[in-house]
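Good morning, and thank you for joining this group meeting. Please take a moment to look at the sequence and the structure on the screen before I begin.

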Amino acid sequence: MKLSNKVQREVNDWWRIHGDASYKPDWGKIKLSVANTREHNLRVCQICITLLEMGLPFATEARLKSGVRPDIIAPTHVKPIIEVLWSETNEDFLKKKADKYHPDLFGEWILHSAKNEYNPKLIM
């Protein structure tokens, strides 16, 4: 994915602030985990395809400085973190994982249930 200089600068700045420097994300590529369900992985793919179609840079399974690995980061999106939920609810995420994010990123996420039919509007 070729980005304009302005967008590339935004992505780089976001990563410098929030990303783990020992980890280099593969922008525009989908990484899946065998630890996730098939449905979870399929939903990650669907969301990433939507982000591609919107022209938004993204990375999957990228490690942040706080040690957390969101399903998808999209630094130039209105909400830069997209978490796909399968076996957990929004409340579970808020209780178990939300406090692992840097305070600057608290609430800067979209929680997307893979149990529901996919609607691209839910991530916009």
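I shall speak about a helix, the salt bridges, the aromatic rings and two residues in loops.

Please keep in mind throughout that this is a predicted model.

Let me begin with helix α1. This helix runs over residues 5–18 and has 14 residues. From its first C-alpha to its last it reaches 20 Å, close to the 20 Å expected at 1.5 Å a residue.

Which residues of α1 are buried? They are V11, W14, W15 and H18. These buried residues cover an arc of only 95° around the axis, and that places them on the same side of α1. On the other side of α1 we find N5, K6, R16 and I17, which are exposed. As for what covers the buried residues of α1, this includes β2, at 72–73, and β3, at 81–85.

I now turn to charged side chains. In general, side chains of opposite charge can pair when their charged atoms come close. How many salt bridges does the structure hold? The number is 5, and I shall present some of them.

One of these salt bridges takes us back to helix α1. D13 pairs with R16, and the closest N and O atoms are 2.6 Å apart. The two residues, D13 and R16, are 3 residues apart in helix α1, so about one helical turn separates them. D13 is partly exposed, with a relative accessible area of 34%, whereas R16 has 54% relative accessibility and counts as exposed.

Another salt bridge joins D26 to K31, with the closest N and O atoms 3.3 Å apart. Here D26 counts as partly exposed at 30% relative accessibility, and K31 is partly exposed with a relative accessible area of 30%.

A further salt bridge is formed where the side chains of E61 and R69 meet, at 3.1 Å from N to O. E61 counts as buried, at 14% relative accessibility. Its partner R69 is partly exposed, with a relative accessible area of 47%.

E61 deserves a second look for its backbone. This residue is placed in the loop between β1 and β2. What is phi of E61 near? The value is near 55°, which is positive, in a residue other than glycine.

Next, the aromatic rings. A pair of such rings is described by the distance of the centres and the angle of the planes. The count for this model comes to 5 aromatic pairs. In one of them, the rings of F93 and W109 have centres 5.1 Å apart and planes at 80°; an angle over 60 degrees counts as edge-to-face, so this pair of F93 and W109 is edge-to-face.

Where in the structure do F93 and W109 lie? F93 belongs to helix α3, residues 90–96, and W109 to strand β4, residues 109–113. The pair therefore ties together parts that are 16 residues apart in sequence. Are these two residues buried or exposed? F93 is buried, with a relative accessible area of 0%, and W109 counts as buried at 11% relative accessibility.

W109 also pairs with F106. The centres of the F106 and W109 rings are 5.2 Å apart and their planes are at 70°, so this pair is edge-to-face as well. F106, however, counts as exposed, at 51% relative accessibility. When we put these rings together, F93, Y101, F106 and W109 form one aromatic cluster.

An aromatic ring may also face a charge in this model, as K115 and W86 show. The charged end of K115 sits over the ring of W86, at 5.6 Å from the centre of that ring.

Finally, I should like to point out L56. This residue is found in the loop between α2, at 38–54, and β1, at 59–60. L56 counts as buried, at 15% relative accessibility. What is L56 in contact with, if we leave aside its neighbours within four places in sequence? The contacts are M1, L51, T76 and H77. In addition, L56 and W27 are 29 residues apart in sequence, and 10 Å apart in space from C-alpha to C-alpha.

To close, I would return to two points. Helix α1 has its buried residues V11, W14, W15 and H18 on the same side, and F93, Y101, F106 and W109 form one aromatic cluster. Thank you for your attention.

Note on methods:
Residues numbered from 1 in each chain as written. Heavy atoms only, no water. Phe/Tyr/Trp six-rings, centres within 6.5 Å; stacked < 30°, edge-to-face > 60°. Helix = DSSP H or I, 4+ residues; strand = E, 2+ residues; numbered from the N terminus. Buried < 20%, exposed > 50% of the residue type's maximum accessible area, 1.4 Å probe, protein only. Lys NZ or Arg CZ within 6 Å of the ring centre and 35° of its normal. Expected span 1.5 Å × (residues − 1). Arc of directions from axis to C-beta. Contact = heavy atoms within 4.5 Å. Salt bridge = Lys/Arg side-chain N within 4 Å of Asp/Glu carboxyl O.
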